[in-house]
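This report concerns the salt bridges of the structure shown below. Please keep the sequence and the model at hand while reading.

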Amino acid sequence: MSILFHDQTKTFHLFNEKISYIMTVLPNHQMGQLYFGKKIRDREDFSHLLEYCSRPMTSCVFEDDRTFSLEHVKQEYGVYGTTDYRRPAVEILSSNGSRLSDFKYQDYKITPGKPALAGLPATYTEADSEAETLTLILKDSVTGMTLHLLYTIFADGGIIARSAQLINNGSESVHVTTAMSLCLDLPDHNYEWMQFSGAWARERHLITRKLEHGIVAVDSRRGNSSHNHNPFVILRRPDTNEFQGEAIGFSLIYSGNFLAQAETDTHDTTRVLLGIHPMGFDWKLAPQESFQTPEAVMVYTDSGLNSLSQTFHRLYQKRLARGYWRDRERPVLNNNWEATYFNFTEDRLVEIASKAKECGVELFVLDDGWFGERNDDHAGLGDWIANPKRLPNGITGLAQRIEDLGLKFGLWFEPEMTNKNSDLYRNHPDWILETPGRSTSPGRSQHVLDFSRKEVVDCIYEMMAKILSEAKVSYIKWDMNRSITECYSHALPADRQGEVFHRYILGVYDLYERLTSRFPHVLFESCASGGGRFDPGMLYYAPQAWASDNSDAVSRLKIQYGSSYCYPLSSIGSHVSVVPNHQVYRTTPLHTRANTAFFGAFGYELDLNKLTPEELVQVKQQVAFMKEYRRLLQFGTFYRILSPFEGNVTCWMCVSDDKKQAIAGWYRVLNGANLPFSRIRLQGLNPDFCYKEQASGASYYGDELMNLGLITTDGMSGQPEDIHAKYCDFDSRLYVLTAE
């Protein structure tokens, strides 16, 4: 790993064993992009990579040079309006109404390790040897604005982390209306764009399209990263698949409004932008104030999409997630929500928890309905005091009863919301986001608290901290069940209303930071109606997230498969729920529900008392299996084998670091008659190890399993005497392999 500066040619070269990132100071003193990709040898002069030529209808920077136009030069942080007509990385509104900037190179500094970003989640290092950071210092002489471009290259993997900081060193206030975290100009457009989109209950479905002239983008303007689009995209070469070929992944460590965009011009070059969505964004910078963008992470691979994902998994699991639970196996839990909804008493909860303990579950979680006058979703949010009618001994008493059973206790909060039917709202009606003179638009009968205001965050913190300091709470499920509308803060002046969306997210991060710092042993799980804020920003504070409110095993194949392109399995909350499923009303076998949920943070979303004796035997076996193999399932190297987006069969697998254990999950949505021969080629094994498959007792060498494949043929199904008499729709199997 190294960052080199060639003074004579004003060229920077960031490289490790995997990648090179090269940029230079252009003739007009702005920064130009030369190369990002597989590692190449260093040289003093890379100026041959700059492509200049005279083109008709082109405006040029210099009067006597018709070859140098920013319209055709690859840049580091493009600005619209001074011969560059592409979408900009930065736009600043000056007091005279101008939106032009001219950030020219001034200086640089190289520091070991990686600096933290104040108030924002970001990747980190634990030793300076893990990474090196380059800060480019640029200045606009007219406005006095200073721009710091930060680039961190990690020692391992094809990773560059980027962000930008704007500092107003001028004498007048300005308004920042665009400030992207990342701008990357690529020399061609021979890529396919991969995005992860959907809606509530069908999040992060893979969508692929070819780049053409024009713009392709995904975004959120909802105040949260959203169920609809994830702040993560991939550009892959057309011949790239899971196991070979070039790809670049772009991920934004942020939980609010975002834009991910690729613009291909008519000369076939491509500009990628990633950052806070500029629509509705307007940040006032007074003299000597600064603005820091969220961090964006770029990962390059020439070894296929599995390699790309594994790099993100390692980085986000070990150098984004933090704290006590980062490296620990997650407890098997039982959540009461789909078991009772709002209809419960303390004794009823203890009854459910008792059966869970009998089955080997380790954590019982009380969901919505325990506080205020919360008998349905129309009241009580914001009144974080236990309802004595339901919990006569409060949270402290219930938590102790659960602990006495030998279980840990977890609790649900939705701290960012309030109902108008609540004491919080009655006492502070101006604490919600709403526009004066306009009607409000409640979602789930609730309104969004103005977390851009410190006093609001302080109030919620005090209520939550009181419960956590008095009761034995080991786990928090942090929910968020509506997006922002009528985004206006009663506490900010008119010229700062464009800051509310971002200030809101900073308030959320502040509350998380305070709580996780004061209660470091509590396991936090982020949730936003399931997958509405499943993003890296949340992972910094909560090492796992409820992946989707849809717990149907078949639906979860696509949701979890899509999530795995960026997010490690340890971050994916996945539970076994009742059938017919409460979201799609499908009935799937209990073994398939578990076989899908095993690949993540595992638990149950039902009342185990209502299962048959035969089903309870299965549950006890499932819990025992998860406890035996959860380190492998949550922290092993994950491979995607067969995609649910391409066929009837899905397959994925986890391999231990020493390659001595592996578990492959095989799932078939619809059964068939007289099916063809089939096998799956496994990945990541040691070719020289001989592996024993647990169910059949058969042994195979690793090279055979990877090159010939594991036979999965079942032919004509449904014979009662078959070991797989459950041959059926929605079938699944686990193949557990252990080196002999």
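Buried denotes a relative accessible area under 20%, exposed over 50%, and partly exposed in between (1.4 Å probe, protein chains only). With a relative accessible area of 45%, glutamate 358 is therefore partly exposed. The model is predicted: local features need pLDDT of at least 70, side-chain atom pairs count only at pLDDT 80 or more, and totals for chains, interfaces and linings use all residues. Residues are numbered from 1 along each chain as its sequence is written, and side-chain values use heavy atoms, with hydrogens and water left out.

The structure contains 52 salt bridges, each being a side-chain nitrogen of Lys or Arg within 4 Å of a carboxyl oxygen of Asp or Glu. The table lists three of them, including their closest N and O atoms.

| Acidic residue | Basic residue | Closest N and O atoms |
|---|---|---|
| Glutamate 289 | Arginine 496 | 3.8 Å |
| Glutamate 513 | Arginine 322 | 3.2 Å |
| Glutamate 358 | Lysine 620 | 3.6 Å |

Glutamate 358 belongs to helix α3 (residues 346-358) and lysine 620 to helix α11 (residues 613-635), so this pair links distant parts of the chain, 262 residues apart. Helices (H or I, at least four residues) and strands (E, at least two) are DSSP runs, numbered from the N terminus. Lysine 620 is partly exposed, at 35%.

Glutamate 289 is partly exposed at 32% relative accessibility, whereas arginine 496 is buried at 15%. Glutamate 513 is partly exposed at 28%, and arginine 322 is partly exposed at 25%.
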